Amino acid sequence: MACGIYLHIPFCGRRCPYCDFNTYTGMESLIPDYMQAVRAELQLHAAQEPNPAGEPLRSIYFGGGTPSLLPPNEVGRTLESIHKLYGIDDQTEISFEVNPGTVDGARLSAYRKLGITRLSLGSQSFRDEQLAVLGRDHSVAQTRETIEQALKCDFRSLSVDLMYGVTGQQLCHWRADLEQALSCGAEHLSLYNLTIEEGTPYARLRAEGKLPLPNEGLLRDMYISALEETSARGFERYEVSNFARTDHSCRHNRLYWEGRGWLGLGAGAHGFTAKGGAAGLGRRWWNLRLPRKYMSAVKTGHLPWAGSEDLDLRAAIDEELLLSLRTRRGLRRERFAERFGFDPAVLLKNSLKELSEEALIQVDSQAIRVSEGSVIITDYAVQRVASLFDRRSVWAIVSQHAEPRRAG
Amino acid sequence: MFGAGRRPRFGVSSPQRSYRLFRSAPGSELALDKQRHIRNFAIIAHVDHGKSTLADRMLEVTGLVGDREMKDQYLDSMELERERGITIKANTVRLTYQAKDGEHYQLNLIDTPGHVDFAYEVSRSLAACEGVLLVVDAAQGVEAQTLANVYLALENDLEMIPVLNKVDLPGAEPELVREQIEDHVGVDCSHLVLASAKTGLGVEECLEAVVKQIPPPSGVLEAPLQVLIIDSWYDSYLGVVCLVRVVHGVLAKRQKIMMMSTRNQWEVSSLAVKAPSPVEVAELRAGEVGLLITGIKDIAETRVGDTVTSALHPCEDVLDGFKDPQQMVYAGLFPIDPSDYDALRDALSKLALNDAAFSWQPETSEALGFGFRCGFLGLLHMEIVQERLEREYQLDLITTAPNVVYQARLKDGSEEVIRRPSDVPDPLKLQDLSEPRVMARIHVPNDHVGSVIKLCEEKRGRQSGMEYLSSTKVVVEYDLPFAEIVFDFYDKLKSCTRGYASLDYEFTGYEVAPLVKLDVLVRGNPVDALSLICHRDRAQTTGQKLTTKLKEFIPRQMYEVPIQAAIGKKVVARTNIKAFRKNVTAKCYGGDISRKRKLLEKQKKGKARMKLVGNVEIPQEAFFAVLRIDE
């Protein structure tokens with residue numbers, strides 16, 4: 001049963017040089033047909049689900065690309081379809097990604113009226129030089145204008161994105177950016193370390209030595225100041241890069257991290273069927289990436305899948321660790337035991353104690369989590385915990401516990 | 001070896017899997033009881049000369065294994081043997097063969113290992129035989145282990161039938177190889193069999209030669225029972241199983257027997273022969289080879305080489321047993337999880353039941369805690385034991401770099417055996433250190449002789465002989481320190497001769513050498529398990545190479561990790577592993593998960609085999625770094 005829906009809107013006015021998302025420029029004319037395909041895809045999923053209208057969805061997320069290129073009527077028709085097939089109620093979080101400068105107050109107000117509850121703004125920086133380095137299509141003034149309009153529309157939550165670790169960025173720049181974001185009225189911040197992704201123009205520049213980036217020590221200082229500033233201003237770090245005031249964390253992202261199922265609609269979208277797959281431990285699937293191919297596949301009446309992967313026990317456990325340990329809640333012992341048939345804090349008691357003594361993790365009666373001081377080396381902590389399961393003695397027991405559950 | 005390698009996984013019991021113990025004997029066919037119709041023989045060969053394939057063909061020709069059941073290396077039942085394409089344990093199978101003279105013969109074929117590490121197993125198997133098929137690759141010719149095996153056969157006074165295998169290969173030179181065998185190995189080739197185990201050519205001729213040329217066993221049926229234990233192993237369903245050769249008398253089911261060395265008495269609970277799956281028989285008579293099962297649980301009771309006799313009418317003399325196997329290299333085995341110590345001890349004691357050739361005793365390392373110092377026949381043997389411990393007993397182990405056994409003479413005149421570097425006595429007390437040396441025989445085509453000599457000289461060797469086997473093939477003899485050849489010598493030899501050289505060696509004795517102990521300090525703390533013994537003149541270079549290699553293998557940690565190599569208090573090399581400052585993926589959303597998981601799989605690889613030493617994670621590879629410093 002899907003708890004949420006992700007809709008991918010792969011259109012952008014301009015492609016940023018660091019971005020490796022599935023996005024296309026100059027294809028905006030496809031939008032009406034594309035959205036029709038998305039709704040058709042939704043129908044295909046609904047036809048497969050035994051009881052699509054069981055419980056209302058917890059979350060719907062319009063991501064991209066640039067969803068704010070969508071005319072409100074397309075958004076409205078799509079939400080209507082979703083409501084009809086899956087159910088939306090006042091608890092459903094409906095997020096919408098917006099790029100500054102692509103919308104005016106009227107457009108935002110229209111989105112709000114259609115039921116959008118949460119706006120996520122691709123602001124990236126409050127410094128024009130840095131926006132230029134990042135190849136962004138907007139100015140700081142436009143960001144401010146969009147924020148002002150959004151606040152007027154009274155969305156339930158407003159989120160802004162910031163990026164650190166950018167060429168030429170100093171610690172003082174980052175601190176100033178943080179200050180702006182913290183005081184702009186947004187209840188949610190996503191603070192990302194710029195990552196050089198393969199195949200992007202940035203990766204090419206980097207390979208040619210033309211993209212100097214801050215060293216690890218500076219990145220560390222930037223992240224630490226983010227942790228300190230957000231905490232001082234009443235934002236909780238509920239995941240490595242996500243910070244929110246009380247009750248403003250993003251439900252949609254939490255679906256991903258908590259291993260819940262969701263439908264991914266649109267070109268290149270990924271979905272997850274939580275109890276699907278051969279082992280009943282979940283199936284990940286993803287759609288054709290090219291919008292035209294995606295659209296014509298949907299027309300044939302088949303799910304436009306490009307591929308899928310059934311999780312086996314090892315993969316499912318690795319993912320659970322990878323995702324849950326990024327969050328402040330951490331790995332919920334009870335939920336883990338329900339899913340895999342054993343409580344890792346019991347099975348790995350001694351080894352986890354060693355990791356606790358190294359101050360990498362903390363274990364309490366509810367959860368295993370990365371300790372506050374080690375959030376900055378979360379990947380390392382995850383590797384250490386995950387490798388415990390690779391021990392033969394441990395794996396022999398783990399697979400034994402999981403076996404009867406899978407059979408049942 | 002039935003049973004071995006099929007041990008149930010730790011804690012997993014599977015009631016559906018019934019152990020198909022024995023087929024009932026199909027009667028007369030297996031009851032060929034006339035001693036003159038029995039032939040006990042082995043196949044000996046240099047590695048890769050086609051021994052196991054020839055055995056496979058014999059099984060097919062005699063109809064023992066149908067096409068459908070046939071898989072390559074049929075007699076290698078251990079998972080590891082198949083994977084590595086080698087025979088580790090000797091194996092036996094009874095074939096029934098109707099010879100051209102019209103009579104049925106019982107042929108007991110004993111398959112033997114080919115690797116130099118397992119020469120010990122070969123010599124035991126040969127004690128059960130009257131003859132051997134000496135298989136030589138018709139293209140490669142006589143190789144080092146051909147000769148080594150021939151010596152073993154001669155020691156046991158066995159009839160030898162030379163077989164030229166792979167004669168169908170384009171590079172085969174049967175005439176030349178025949179000459180080599182006659183002139184240099186000294187084996188009569190008048191009844192040479194030309195064969196191709198691959199195509200089946202000559203397989204029948206081999207069987208005929210076995211019948212005609214190998215004498216039947218000479219035991220006396222009426223004499224008091226004398227049975228030689230060739231091998232014994234523990235099977236979790238049957239208890240101890242012995243591979244035996246009845247020398248005199250008749251061994252029967254329900255008979256009361258006595259082990260000559262312990263004088264303990266037991267009852268024969270069943271007897272079987274492998275054909276090739278175990279088939280129960282009522283008795284084993286003089287000259288026969290088979291399996292003896294008594295219900296004994298303690299393998300120490302069935303010492304390999306011991307004589308079994310009748311409790312009622314015991315024989316007077318014990319049979320010649322076997323020399324104890326010589327452990328040539330030692331390494332420490334430590335559980336990664338200290339709480340696995342008992343499990344490791346149990347696993348070692350169980351494994352020892354199937355492998356008399358390794359020794360083990362408790363060891364304590366300051367860095368690695370409680371573990372065991374184990375002695376092995378060689379490096380391959382060590383790898384196999386380690387792998388079996390991990391696979392069959394689900395243990396995660398750290399193995400320290402293997403070392404040879406040194407001898408220390410102290411100033412007070414006493415002597416000590418040094419089985420690990422950290423045992424080297426204090427320099428103030430130490431008179432000198434001696435290292436073991438070997439005589440190595442290297443067979444090599446003459447155009448590669450130069451590089452072989454160069455390699456041996458680099459390895460502190462002293463040439464002691466050189467002989468031409470033919471106009472193109474040379475045997476080079478070198479006196480070498482064993483420590484120099486035990487690790488990567490064979491690989492280097494192969495690569496500098498394009499794979500054409502073959503090697504055999506024998507231990508010759510100890511010799512005083514200027515050796516020093518090189519210690520490694522990680523974050524200022526000496527890690528005893530990383531210490532090594534090396535030649536004084538090489539200590540500095542080795543120290544530099546080792547610290548550099550360690551830097552490669554020890555991952556970055558939360559703090560800076562200096563690594564130093566030192567002789568006594570003098571640091572001879574150092575390097576630094578920088579700390580990581582930040583290590584966290586920025587984004588992980590719905591579409592990233594599979595990719596991030598695959599990344600995690602890659603990153604954590606090797607981390608499961610990692611030991612925390614003074615807060616520094618040291619992976620298994622680091623402990624073996626010394627073996628790879630020349631890469």
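Is E267(B) buried, partly exposed or exposed? Select E267(B) in your viewer and keep that question in mind: at 33% relative accessibility, E267(B) counts as partly exposed. The model you have open is a predicted one.

**Stop 1: two strands of chain B**

Stay with E267(B) and add K256(B) to the selection. These residues form a salt bridge, with the closest N and O atoms 3.2 Å apart. K256(B) sits in strand β10 (residues 256-259) and E267(B) in strand β11 (residues 265-267), so the pair ties together parts of chain B that are 11 residues apart in sequence. K256(B), at 42% relative accessibility, also counts as partly exposed.

Next, select E363(B) and R373(B). Here is another salt bridge, its closest N and O atoms 3.5 Å apart. The pair links strand β18 (residues 359-365), where you will find E363(B), to strand β19, home of R373(B), 10 residues apart. This time the partners are out of the solvent's way in the computed sense: E363(B) counts as buried at 7% relative accessibility, and R373(B) counts as buried at 7% too.

**Stop 2: a ring pair on β19**

Now show the side chains of Y341(B) and F372(B). What arrangement do the rings of Y341(B) and F372(B) have? Their centres are 4.9 Å apart and their planes lie at 10°, so the pair is stacked. Y341(B) belongs to helix α7 (residues 341-354) and F372(B) to strand β19 (residues 369-376), so the contact ties together parts of chain B that are 31 residues apart in sequence. Y341(B) is buried with a relative accessible area of 18%, while F372(B) is buried with 0%.

**Stop 3: the interface**

Zoom out and colour by chain. In this view 43 residues of chain B are in contact with 52 residues of chain A. The area buried between the chains is about 4300 Å², and carbon and sulfur atoms give 55% of that area. Highlight R581(B), K582(B) and Y589(B): they supply 16% of the area that chain B buries against chain A, more than any other three residues.

For the polar side of the story, the count between chain B and chain A is 8 salt bridges. To see one, select R595(B) and E197(A), whose side chains meet at 3.6 Å, N to O. Across the interface there are also 25 residue pairs in polar contact. Helices α8 (379-393) and α13 (593-604) are the elements of chain B that give two or more residues to the side touching chain A, and α13(B) provides the largest share, 10 residues. That side of chain B divides into 15 nonpolar, 11 polar and 17 charged residues.

**Stop 4: aromatics and charges across the chains**

Over all chains, the structure has 25 aromatic pairs. Centre on Y380(A) and F580(B): the ring centres are 4.9 Å apart with planes at 65°, so this pair is edge-to-face. Y380(A) lies in helix α15 (residues 378-389) of chain A and F580(B) in the loop between β32 (570-577) and α13 of chain B, so the pair joins two chains. Both residues are buried.

Then select Y192(A), Y238(A), Y256(A), W257(A), W262(A), F272(A) and Y589(B), which form one aromatic cluster.

For a last selection, pick R284(A), E309(A), E319(A), R597(B) and E601(B): salt bridges that share partners join these residues into one network.

Definitions and conventions. Residues are numbered from 1 along each chain as its sequence is written. Chains are lettered from A and ligands numbered from 1 in the order in which they are written. This is a predicted model: local features need pLDDT of at least 70, side-chain atom pairs count only at pLDDT 80 or more; totals for chains, interfaces and linings use all residues. Side-chain values use heavy atoms; hydrogens and water are left out. Contact means heavy atoms within 4.5 Å. Buried area is the accessible area (1.4 Å probe) that two parts lose on being put together, summed over both. A salt bridge is a side-chain nitrogen of Lys or Arg within 4 Å of a carboxyl oxygen of Asp or Glu. A polar contact is a pair of N or O atoms within 3.5 Å; within protein, one must be able to donate a hydrogen and the other to accept it, and residues adjacent in sequence count only if both atoms are side-chain atoms. Helices (H or I, at least four residues) and strands (E, at least two) are DSSP runs, numbered from the N terminus. Ala, Val, Leu, Ile, Met, Phe, Trp, Tyr, Cys and Pro count as nonpolar, Asp, Glu, Lys and Arg as charged, and the others, Gly among them, as polar. Rings of Phe, Tyr and Trp (its six-membered ring) pair if their centres lie within 6.5 Å; planes under 30 degrees apart count as stacked, over 60 as edge-to-face and the rest as tilted. Buried means under 20% relative accessible area, exposed over 50%, partly exposed in between (1.4 Å probe, protein chains only).
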